[in-house]
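Good morning, colleagues. Please look at the sequence and the structure on the screen while I go through the fold.

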Amino acid sequence: MENRSNSRVNTFHTKKPKQYSSDEMVFGIQSVTEILRSGKDIDRLYLVKEGSFPEIQQLAFERRVTIQRVPVEKLERITRKNHQGAICFVSSIFYAKLSNVIVGVYEKGQVPLLLVLDRITDVRNFGAIARTAECAGAQGIVIPARGAALINSDAMKTSSGALSHLPVCREVNLEETLKYMKESGIKVVACTEKTDNYLYDIDMSGPTAIVMGSEDDGISDELLRLADHHARIPLVGQVESLNVSVATGVVLYEAVRQRIFSDNEPPVDEGV
């Protein structure tokens, strides 16, 4: 479910630099400017700390694209080509607006089942989670604007096409997002080992948003405080945690079980 260590990991110094494919990457001031003008969704926008990019900054502000100011060494690790201090990565999907997703679910007469991913950074984990979420009937995935996996060709492949059908919403502030969900009548359930409450004691048959935490340190304390319920998955072996994509599947399918079978108990065989 989560790594049980509470220590935060300095991702800049301890993790190996990610590998990016050239078909998803755009670099150079003019090229990045044109991509921002094109209306395509941007997964990452890196600008060198010391640089001045007024037009890119203005377009990013208008498009609500988060700018990450980084040392030039980080840009050099991404590409040795003439990036001019500006690199961005184009998303493989179009992001949905959360309010539209929630309204659409209610208008269809469905019971919301949403998934909030707090800093899931592994691309293949994200793809596997999206595949499971779509199979479980979830109507949307919410990710933060910063600190989330790139939705690239690897994520699309791992999701087995699920990301073509499942809306993904990118939010600047997950705390405000959870508050909005609660105001919309959606119960927030945080999956964490920091509780004595087991998953199977939580009612998820009504409108529910399930929060899953990062591979390194789980759900942030701020989001845990906002959750209506904390739930843990029982672990009886020697290993102290599940892979986050596996844990997500366990939680989602408990919600599915409650929604399908709670009012349709199998008939009792009374014999002949």
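**Helices, sheets and selected residues**

I begin with a pair of helices: α2, residues 29–38, packs against α3 at an angle of about 20°, and the two axes are 10 Å apart. The angle is small enough for α2 to count as roughly parallel to α3, because anything under 35 degrees falls in that class. As for handedness, α2 and α3 cross in the left-handed sense. I should add at once that this is a predicted model.

Let me turn to the sheet of which β2 is a part. This open sheet has 4 strands in the order β1-β4-β2-β3, and its pairing is mixed. Which strands stand at its edges? They are β1, residues 25–27, and β3; each has a single partner strand, so one side of each is left without a neighbour in the sheet. From one strand to the next, the twist averages 25°.

I will take the pairings of this sheet in turn. At one edge, β1 pairs with β4 in the antiparallel sense, over 3 bridges. Within that pairing, Met25 has Phe89 of β4 as its bridge partner. On to β2, which comprises residues 42–48: how many of its residues are buried? The count is 7 of 7, so that β2 is a mostly covered strand. β2 pairs with β4, residues 86–90, in the antiparallel sense, and 5 bridges join the two. Here Tyr46 has its bridge partner in β4, namely Ile87. β2 also pairs with β3, residues 68–70, this time in the parallel sense and over 3 bridges. An example from that pairing is Val48, whose bridge partner in β3 is Val70. Between these two strands the chain passes through α3, residues 54–63, and the resulting β-α-β crossover from β2 to β3 is right-handed.

Two residues in loops deserve a comment on their backbone. Arg64 lies in the loop between α3 and β3. Its phi is positive, about 60°, although Arg64 is not a glycine. Is the residue buried or exposed? With a relative accessible area of 64%, Arg64 is exposed, because the threshold for that class is over 50%. The other residue is Gln84, in the loop between α4, residues 72–78, and β4. Gln84 likewise is not a glycine, and its phi is positive, near 60°. The relative accessible area of Gln84 is 42%, which makes this residue partly exposed.

I now come to the other sheet. It is open, it has 6 strands in the order β7-β6-β5-β9-β8-β10, and the pairing is parallel. The edge positions belong to β7, residues 168–171, and β10, residues 229–231; each has a single partner strand, so one side of each has no neighbour in the sheet. On average, and with direction ignored, neighbouring strands in this sheet are turned by 25° against each other. To take one pairing as an example, β8, residues 187–191, runs parallel to β9, residues 208–212, and 4 bridges join them. In this pairing, Ala190 stands opposite Val211 of β9.

A further helix pair is formed by α5, residues 98–107, and α8, residues 174–183. Their axes come within 12 Å and cross at roughly 20°. By the criterion I used before, α5 is therefore roughly parallel to α8. What is the handedness of this crossing? α5 passes α8 in a right-handed crossing.

Next, a contact between positions separated in sequence. Arg131 is located in α6, residues 123–135. From Arg131 to Gly161 there are 30 residues in sequence, while their C-alpha atoms are 7.6 Å apart in space. Arg131 is partly exposed, at 44% relative accessibility.

I close with the cysteines. A disulfide is a covalent bond between the sulfur atoms of two cysteines. How many disulfides does a search of the whole structure find? The search finds 0. Of the cysteines, I mention Cys135 and Cys169. Cys135 is exposed, because its relative accessible area of 52% is over the 50% limit. Cys169 is buried, because its 1% relative accessibility is under the limit of 20%.

Thank you for your attention.

How values were computed. Residues are numbered from 1 along each chain as its sequence is written. This is a predicted model: local features need pLDDT of at least 70, side-chain atom pairs count only at pLDDT 80 or more; totals for chains, interfaces and linings use all residues. Side-chain values use heavy atoms; hydrogens and water are left out. A disulfide is a pair of cysteine sulfur atoms within 2.5 Å. Buried means under 20% relative accessible area, exposed over 50%, partly exposed in between (1.4 Å probe, protein chains only). Two strands pair if DSSP finds at least two bridges between them. A crossover is right-handed if, with the strands pointing away from the viewer, the path from the first strand over the helix to the second runs clockwise. Axes are lines fitted to C-alpha atoms, for helices over the stretch in contact, and angles run from 0 to 180 degrees between N-to-C directions. Angles under 35 degrees count as roughly parallel, over 145 as roughly antiparallel, 65 to 115 as roughly perpendicular and the rest as oblique. A crossing is left-handed if the near helix is turned anticlockwise from the far one by less than a right angle, and right-handed if clockwise.
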